[in-house]
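Reader: Could you take me through the aromatic rings of this protein, and then the pockets? I would love one connected account.

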Amino acid sequence: MKTALLFAISLVASSTLAADIPDFLDKKEIQNAEFKCLGEPANYSKEEQKYVDILWQETLKYLQGYAVALSTTDGNCRNSDQSMYQTNTHDLKGPQYMCIMDRRDMKLMVKHIYAVINNPDKAKQCFGAREEVNWIYSPGGELEKNSPVAQWLNRTTFEEFFDSKVTDTEVKKFGKEFTDNFAKMVTGDDIQLPAAFPFDVSANALPNLWASVGWFPMYAEDSERNKRNFDKTRGNYAYAEVFGHWGLLRIDEINNEKVGAEVGMVTQRIDSFYPYHNHAISEIYYTMREPACADEFQNFAVREDSPLVKTVSETDTIREVEFDAGMANESWFWANTSPKKDDLAYFHQNTIHAFNYNGANCHAKPEEKAIVTVWARSNANDKRNDYGTTRLCESAERPDTPAMRGEKIRCDLTKTKF
């Protein structure tokens, strides 16, 4: 551990973050940014501060890589990466794309990240290791073994979580496999960043952040919502938040402007299906694992205003809708993603989306492989809408059971207010 710590400290000492500000942002505003934190600044001893500093530097690196990727010309867009936002249309025109910086929420998120990386000392006052939070976990295993920061934090591990917090025996079984193979899932040669990224932000390059950020297996515990989920998915999914209201870097306002960004990462093993769902907040994913098969990682996304989304009932706050996932040509609504093709997906608020991860026949040990993504949401600060809830859809014929391909599905969409 001593050698690993010395190496990590040397990286901190030698690191320099130079973040050129895109010309669509006000440089004076960013260079002189003022920050208001969510909560009080964390205090650490001199010994503890060494670990916090390592975690902070890797956090800055992660955020810089993400902001540059989103806001750099990609050949299709000016000062922007191109994103898929719908996988097909009612008239089968195929996937729909946009320049992601055309979205106001994306401009604000990128602006706030550039403010952080260009004012690291000020922003650091809002940063902490979140060691006091008891509902985020360490993957344990090789990731923790190779991270002096994770060892110092000593969070409850995935193994302990699935033993003590999960009651469903099938979910426990899948959770144990997920735990045993998590390090292999997020590292290795097939973890590749899309070309838009200026450098590697994966666990291969930022081992302390990925081991120490604090992961949440959000579907593993029993709940009413999880009646609409699959046991395999529940035991094989986790996300972590680096920057955001629940993350390591918690900022309420920058220059008196509310910060809605939530930026982190997601891991879900292959050969599992994240069911149809929606939420009243925009969401973004960058794929960062090279698939072994062409159809290994598949996205589905249909916007709420599609003619294929039929209203069933309405209240003041919810629109209940149906979508026929058994219609002819349904397979055309699934688009492959990889770090080299359609690597970036943006889902507008209330987009019905799902993730189908295949690959069981493409790998000798499929239990060791997972989709790994850089993940973000953009307007979590808006309290008028239920931005904290992911709503899983259900079978139209069998309420409170998972919505399956090949049948009509029913979803509750939030009536967003502006």
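Author: Happy to; the rings come before the pockets here. This is a predicted model, in which local features need pLDDT of at least 70, side-chain atom pairs count only at pLDDT 80 or more, and totals for chains, interfaces and linings use all residues. Residues are numbered from 1 along each chain as its sequence is written, and side-chain values use heavy atoms, leaving out hydrogens and water.

A search of the whole structure turns up 34 aromatic pairs (rings of Phe, Tyr and Trp, the last by its six-membered ring, with centres within 6.5 Å; planes under 30 degrees apart are stacked, over 60 edge-to-face, the rest tilted). One of them joins Y137 and F161, a tilted pair with 4.7 Å centre to centre and 50 degrees between the planes. Y137 sits in the loop between α5 (120-123) and α6 (141-145) and F161 in helix α8 (residues 158-164), so this pair ties together parts 24 residues apart in sequence (helices, H or I with at least four residues, and strands, E with at least two, are DSSP runs numbered from the N terminus). Both Y137 and F161 are buried (under 20% relative accessible area with a 1.4 Å probe, protein chains only; exposed is over 50%, partly exposed in between).

F300 and W334 also make a tilted pair, at 5.3 Å centre to centre and 40 degrees between the planes. Because F300 belongs to strand β11 (residues 297-302) and W334 to strand β14 (residues 334-336), the pair links parts 34 residues apart in sequence. F300 and W334 are both buried. One aromatic cluster has Y219, Y237, Y274 and Y285 among its members.

Now the pockets (open sets of points on a 1 Å grid over the protein atoms alone, where a 1.4 Å probe fits, with protein on both sides within 12 Å along at least five of seven lines; lining residues have an atom within 4 Å of a point). The largest pocket is lined by 25 residues, with Y239, W246, E262, R377 and G388 nearest its centre. Two or more lining residues come from each of β5 (237-243), β8 (262-269), β10 (283-287) and β17 (370-377), and β5 gives the largest share, 3 residues.

The second largest pocket has 20 lining residues, and R104, D105, L108, S378 and N379 lie nearest its centre. Here helix α4 (residues 104-118) provides the largest share of the lining, 5 residues.
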